[in-house]
Amino acid sequence: MSGFFGIRLARHLKKMMKYMRYVFNDHFILVCVFLLGGLGFYYSQVLKTLPTNFVWGRPIILLLWLALLHIGRIATLAQEADKVFILPKEPEMNAYLNRAIRYSFWLPLVALFLMGGMSMPLVVVSTGWAFSTFFYFIVMLGILKASHLRLQKYELYQISSNERLRWFTLWFVTSLLIIALSLYVLPWAGVLGAAVQMVFFYLILKKKEQVVSLDWETMIQKEKNRMHRIYQFIHLFTDVPEISSSVKRRKFLDPLLSKIKKKNQNTYLYLYARSFLRGSEYSGLFIRLVLVAGVILFFLKEFWISLGVSVLFVYLIGFQLIPIYTQFDYMVMTHLYPVPNGQKKQAVSKLVTVLLFVAAILFSLFVLIALPNIKDGLIVVAALIVEVLAFAKFYVPYRLKKMEA
């Protein structure tokens, strides 16, 4: 069964690689570089203002690391048909699930390594220890995550919800105490505590799994939920067949549609606007990006970082909205409309411009509230206005022309 998991894993990775080329495109990487660079600069400036042996540093790190341990779920790659066709192989499923744990361990470990490394300057400021103690911390976090994945495997068996809660509570409390031990006593003490926890969970849960059967329905549903979260992220960058967008009436938004005059020249503008307001695909994307950018801008006090973040998010929003151009390409009735095809481009350009101005106004409010200097805030507002106009005038026609090529 371990080889069977390898076959499924190869098929799964091949499918994911097809999507990754759309996710990690040049625009996304550029946004990430500037955003991480800006946040890193702001983080370094904050650290310089903190006193030696910063009291709140250890509690902050404790909560951060405990939250990071929840990144990553066990990837069983289970499918709906398994409860019928793989059921006779249940006695051999232990090897399959152990292989799944080993595969599921690497991505959380990378996240722990990166985020743990980013948090080490705060650890050094708060504790006064050397940066070399990072080795002890990352080993401790890796072992704690391995215990978490081992617990997730046990939760795939036919056990009661109360037992699941008890074991998770035990893991959570012991992990909290182990991280606290490493931060408040000695770094290597956390490694020792994590090793003891890992051995305890491995031996006890292995013995318990021998007297219970797999819960195939739970395992399949958990895998569906895991893949749905992945597809939701990919759906921000490209269409995913596994994700179907929902449509809601949203009658309270009808007054916005009434602003569009019902005449031949506004046919596609009305369609695109109605699709945006009633569908969850583009409207949800727009709301999420505006909220994320708004929260970031509200807490930024540096002019250049605020300028960079606001400009990048306006660009990102506009870039993600342009594919609405193909929303009705597969509807037969739209090809029968007695309207010129060029009207589609004008409608998309107008809709994107209006939405970007809405985003720019909201960003401007956050910036004016957050920045201490009103002059710097007005410069950001002016930059956003220029960006929206330039984006609508030059970039949108360029992208639409490229989409038709």
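This passage describes the overall fold, the aromatic and charge-over-ring arrangements, and several individual residues of a predicted model.

In this predicted model, the protein chain comprises 15 helices and zero strands. Taken along the principal axes, the box filled by the C-alpha atoms of the protein chain is roughly 75 × 60 × 40 Å. Of the 405 residues in the protein chain, 44% are buried. Among the contacts of the protein chain with a separation of 6 or more, 83% are accounted for by residues 24 or more positions apart. The area exposed by the protein chain is about 22,200 Å², and 70% of this area is supplied by carbon and sulfur atoms. The protein chain carries 45 positive and 20 negative charges, and the mean positions of these two sets are 5 Å apart.

The aromatic side chains were considered next. In total, the structure holds 24 aromatic pairs. In one of these, formed by Phe 105 and Trp 106, the ring centres are 5.9 Å apart and the planes stand at 65°, so that the pair is classed as edge-to-face, the angle being over the cut-off of 60 degrees. The two partners fall into separate accessibility classes: Phe 105, at 19% relative accessibility, counts as buried because its value is under 20%, whereas Trp 106, at 55%, counts as exposed because its value is over 50%. An edge-to-face arrangement is also found for Phe 200 and Phe 201, with 5.9 Å from centre to centre and 80° between the planes. Here Phe 200 is partly exposed, with a relative accessibility of 39%, while Phe 201 is buried, with a relative accessible area of 1%. In addition, ring pairs join Tyr 315, Phe 319, Phe 391, Tyr 395 and Tyr 398 into a cluster.

Aromatic rings also take part in arrangements with positively charged side chains. Arg 58 is positioned over the face of Trp 129, at 5.7 Å from the centre of the ring. In a second arrangement, the charged end of Lys 344 lies over the ring of Tyr 325, at 4.7 Å from the ring centre.

The backbone at Leu 77 was examined separately. Most residues other than glycine have a negative phi. Leu 77, although not a glycine, has a positive phi of about 55°. This residue is located in the loop that runs between helix α3 (57-68) and helix α4 (82-85), and with a relative accessibility of 7% Leu 77 counts as buried.

Two buried helical residues illustrate the contacts made by individual side chains or backbone positions. Met 120 belongs to helix α5, which spans residues 93-127, and is buried, with a relative accessible area of 0%. When residues up to four places away in sequence are not counted, Met 120 touches Ala 130, Phe 131, Thr 133, Phe 134 and Phe 137. By contrast with these contacts, the C-alpha atoms of Met 120 and Ile 322, which are 202 residues apart along the chain, are separated by 40 Å. Ser 275 is placed in helix α11, comprising residues 267-278, and with a relative accessibility of 15% this serine counts as buried. Apart from its neighbours within four places in sequence, Ser 275 is in contact with Gln 327 and Phe 328.

Two glutamates were also considered with respect to their accessibility and their separation from other residues. Glu 281 is located in helix α12, which covers residues 281-299, and is buried, its relative accessible area being 18%. Along the chain, Glu 281 and Val 33 are 248 residues apart, and their C-alpha atoms are separated by 26 Å. Glu 217 lies in helix α9, formed by residues 216-234, and counts as partly exposed, with a relative accessibility of 47%. The C-alpha atoms of Glu 217 and Glu 80 are separated by 8.4 Å, although these two residues are 137 positions apart along the chain.

Conventions: Residues are numbered from 1 along each chain as its sequence is written. Side-chain values use heavy atoms; hydrogens and water are left out. Helices (H or I, at least four residues) and strands (E, at least two) are DSSP runs, numbered from the N terminus. Buried means under 20% relative accessible area, exposed over 50%, partly exposed in between (1.4 Å probe, protein chains only). Contact means heavy atoms within 4.5 Å. Accessible areas come from the Shrake-Rupley method with a 1.4 Å probe; for residues, only the protein chains shown count as cover. Lys and Arg count as positive and Asp and Glu as negative; His and the chain ends are not counted. The place of a charge is taken as NZ of Lys, CZ of Arg, CG of Asp or CD of Glu. Rings of Phe, Tyr and Trp (its six-membered ring) pair if their centres lie within 6.5 Å; planes under 30 degrees apart count as stacked, over 60 as edge-to-face and the rest as tilted. A charge sits over a ring if NZ of Lys or CZ of Arg is within 6 Å of the ring centre and within 35 degrees of the ring normal.
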